[in-house]
Amino acid sequence: MKRIGMLTSGGDCQALNATMRGVVKGLYGAFDEVEIYGFLEGYKGLMYGNYKKLHADDFSGILTKGGTILGSSRQPFKLMREPDANGLDKVKAMKDTYKKLKLDCLVVLGGNGSQKTANLLSEEGLNVIGLPKTIDNDLWGTDMTFGFQSAVDIATDAIDCIHTTAASHGRVFIVEIMGHKVGWITLHAGIAGGADIILIPEIPYDIKNVCKALDKRAEQGKRFSIIAVAEGAISKEVAELPKKERKKLLANPKYPSVAYEIADQIKQYGGQEVRVTVPGHTQRGGSPCPYDRVLSSRFGAKAAELIKKEKFGELVVLKNNEVTSIPLSESAGKLKYVSPKDSIVKNVRMLGISFGDE
Ligand code: F6P
């Protein structure tokens, strides 16, 4: 009898259920008898012993269902070693639940912070397997996280819809796309949606260059322009501030978000009519796209294989189109940023799309 615990942690995304289904299908194939325990609302469920025993039926019909049947929550990973409001030792509590249920393995579906905690639990002696979730695609060590392609589809749809109305009215449209620290979704959706300007956190912009790019399009007779901006995009001016000052400034924003700030600056620069669209959490919602259904099913199968082989402390990843795994410790605490040297960035520049940096 194998007893496997599973939890979904951090911001949700479209293919969490599809991935859990993949894990469970793999486990049912790999072992004669399996008991699955689902922890509710991420690590909270493991900490406070909130879980439910799941059966094959629970995983039926969920390949296409967005969200997570277990619920999720954000538990600041930096505070995992700090006691909770009632003085509870969180790490000890999680280990106790694991031991009480006599688990053979804990499967963690989560992004960067969640996998850091997964690594912590692995170092504490639990058998843990991580599965790389996040729409942001910023988990270090995998070429692709599940959820990313679905989010890119939605963000691209948003840009597509904006295109027609922007063209009718001859306006500048700013579409703000998710990604506080990294610009992967904005970069991909920006290319796929034919944006004219792409602004991402990794390449700070100068508003003068953004306006110059808009002028250039107007001079070419283009009646409209689309700017795809990541929610975490920053200007060169802000990027150059000392870290403390930058943090202070970003903590007290003058505008609801960066798109509104840029819109105001473009208006002040003169001329063009500007509108802002923020698809927001729609990017995390709805059904997973076919790519994600395939990826998450493969990831799930790999997790089951690792459990069968008793190869624990691993993060399932995609490398050069192969589903494989790396030690959790290798990925823990590192983000996968867009590098200005990446070939995709060079391709974008060749296409005449501006990053607002030059
Ligand atoms: O990490 C996924 C993500 O959607 C980011 O792209 C976004 O910045 C953040 O979560 C939003 O977080 P929340 O759902 O807590 O508002």
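**Exercise 1. Describe the surroundings of E35, starting from its contact with K53.**

Solution. A polar contact of 3.2 Å joins the side chains of E35 and K53, where a polar contact is a pair of N or O atoms within 3.5 Å, and within protein one atom must be able to donate a hydrogen and the other to accept it, while residues adjacent in sequence count only if both atoms are side-chain atoms. Before going on, note that this is a predicted model, in which local features need pLDDT of at least 70 and side-chain atom pairs count only at pLDDT 80 or more, whereas totals for chains, interfaces and linings use all residues. Residues are numbered from 1 along each chain as its sequence is written, and side-chain values use heavy atoms, with hydrogens and water left out.

The next step is the second partner: the side chain of E35 also makes a polar contact, of 2.9 Å, with the side chain of R3. Beyond four places in sequence, E35 touches M1, K2, R3, I4 and K53, contact meaning heavy atoms within 4.5 Å. As for its place, E35 lies in strand β2 (residues 34–39); helices (H or I, at least four residues) and strands (E, at least two) are DSSP runs, numbered from the N terminus. E35 counts as buried because its relative accessibility is 15%, the classes being buried under 20% relative accessible area, exposed over 50% and partly exposed in between (1.4 Å probe, protein chains only).

**Exercise 2. Work out where N112 is placed and which residues it is in contact with.**

Solution. N112 belongs to helix α4 (residues 112–123), and with a relative accessibility of 17% it counts as buried. Setting aside neighbours within four places in sequence, the contacts of N112 are L139, G333, K334 and L335. A further distance can be added, since the C-alpha atoms of N112 and G141, which are 29 residues apart along the chain, are separated by 11 Å.

**Exercise 3. Find where K102 and E310 lie, and state whether each is buried or exposed.**

Solution. Take K102 to begin with: its phi is near 50°, a positive value in a residue other than glycine, and its place is the loop between α3 (90–100) and β4 (105–110). K102 is exposed, with a relative accessible area of 60%. Turning to E310, phi is near 55°, again a positive value in a residue other than glycine, and the residue sits in the loop between α11 (290–308) and β10 (314–319). E310 is exposed, its relative accessible area being 53%.

**Exercise 4. Set out the domains and then the shell around the ligand.**

Solution. The domain assignment (bounds from an automatic or database assignment) gives domain 1 (2–147 + 288–331) and domain 2 (151–284). Their centres, taken over C-alpha atoms, are separated by 34 Å, and eleven residues of domain 1 are in contact with ten residues of domain 2.

The shell around the ligand draws at least three residues from each of these two domains. The residues around the ligand are R74, I135, D136, M178, G179, H180, E231, H281 and R284, each having a heavy atom within 4 Å of it. Among them, R74 has a side-chain N or O atom 2.9 Å from an oxygen atom of the ligand, while the corresponding distance is 2.7 Å for D136 and 2.4 Å for E231.
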